[in-house]
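Biologist: Could you take me through one part of this model up close? I'd like to hear about the charged pairs and what sits around them.

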Amino acid sequence: MLNMFAVVFSVFFLYGDVMIARSHTDSHSENCRYPFRTIGDSCYLISKEKATPDQAFALCLRRGAYLANFETLEEAMLLKYELQLMKTGLHFHVGGRNINRYVPGGDWRWIKNGKMIKMAYKAFGSGQPNGSNAGPQDCMMFYAGERYIFHDVYCDHPSWSNGYICEK
């Protein structure tokens with residue numbers, strides 16, 4: 001009888017652990033599976049695949065994601081740190097877009113799941129953004145040449161084929 005109690009207790013204990021583990025699993029961690037990984041509070045894919053910003057936008061959509069948005073400076077600094085650790089020397093496209101080049105300095109927004117979110121801060125490099133009506137640089141990337149600070153770039157020009165960062 002004692003052995004039967006030990007077996008029942010062991011099964012209950014193990015089953016209870018499984019139930020506790022499942023109850024603490026949230027939808028974020030379930031969605032953050034390889035090749036995505038958790039950095040800070042978000043789920044990212046840092047891809048070294050070469051693409052223009054417009055191509056990168058579509059490639060993220062195909063993965064059920066969007067080009068990375070950095071709503072806070074802290075989030076941007078975490079990703080900047082990760083990119084510096086990778087030591088690739090690559091630039092990486094992110095989800096910032098200039099939606100009105102007639103505004104001096106542009107009207108920069110994060111594009112996330114079909115919505116535009118006004119940027120709370122702008123951490124562009126020296127002389128950036130420098131797009132114009134004649135040279136519309138309406139997309140954004142982390143520029144490796146300045147230790148991963150934001151630069152504006154052409155959205156569909158092949159010379160700006162770089163890596164990209166998707167976010168879920």
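**Salt bridges around a hairpin**

Modeller: Let's start with K112, which is partly exposed, with a relative accessible area of 26%. Keep in mind that this is a predicted model. The side chain of K112 meets that of E71 in a salt bridge, 3.7 Å from N to O. That pair ties together distant parts of the chain: K112 sits in strand β5 and E71 in the loop between β3 (66-67) and α4, 41 residues apart. E71 is partly exposed too, at a relative accessible area of 27%.

Now for the strand that carries K112. β5 (residues 108-112) pairs with β6 (residues 115-118) in the antiparallel sense, over 4 bridges. One of the bridge partners is M116 in β6, matched with I111. The hairpin has 2 residues between the strands, and N113 takes a positive phi near 50° there.

Back to charges: D107 and R109 join their side chains in a salt bridge at 3.0 Å, N to O. D107 counts as buried because its relative accessible area of 14% is under the 20% cut-off. R109 is buried as well, at 18%. Add K118, and you have D107, R109 and K118 linked in a network of salt bridges.

Looking further afield, the whole structure has 6 salt bridges. Among them is R37 with E82, whose closest N and O atoms are 3.2 Å apart. Here again distant parts of the chain are linked, with R37 in strand β1 (residues 37-39) and E82 in helix α4 (residues 73-86), 45 residues apart. R37 is partly exposed at 36% relative accessible area, whereas E82 counts as buried at 18%.

Conventions
Residues are numbered from 1 along each chain as its sequence is written. This is a predicted model: local features need pLDDT of at least 70, side-chain atom pairs count only at pLDDT 80 or more; totals for chains, interfaces and linings use all residues. Side-chain values use heavy atoms; hydrogens and water are left out. Two strands pair if DSSP finds at least two bridges between them. A salt bridge is a side-chain nitrogen of Lys or Arg within 4 Å of a carboxyl oxygen of Asp or Glu. Buried means under 20% relative accessible area, exposed over 50%, partly exposed in between (1.4 Å probe, protein chains only).
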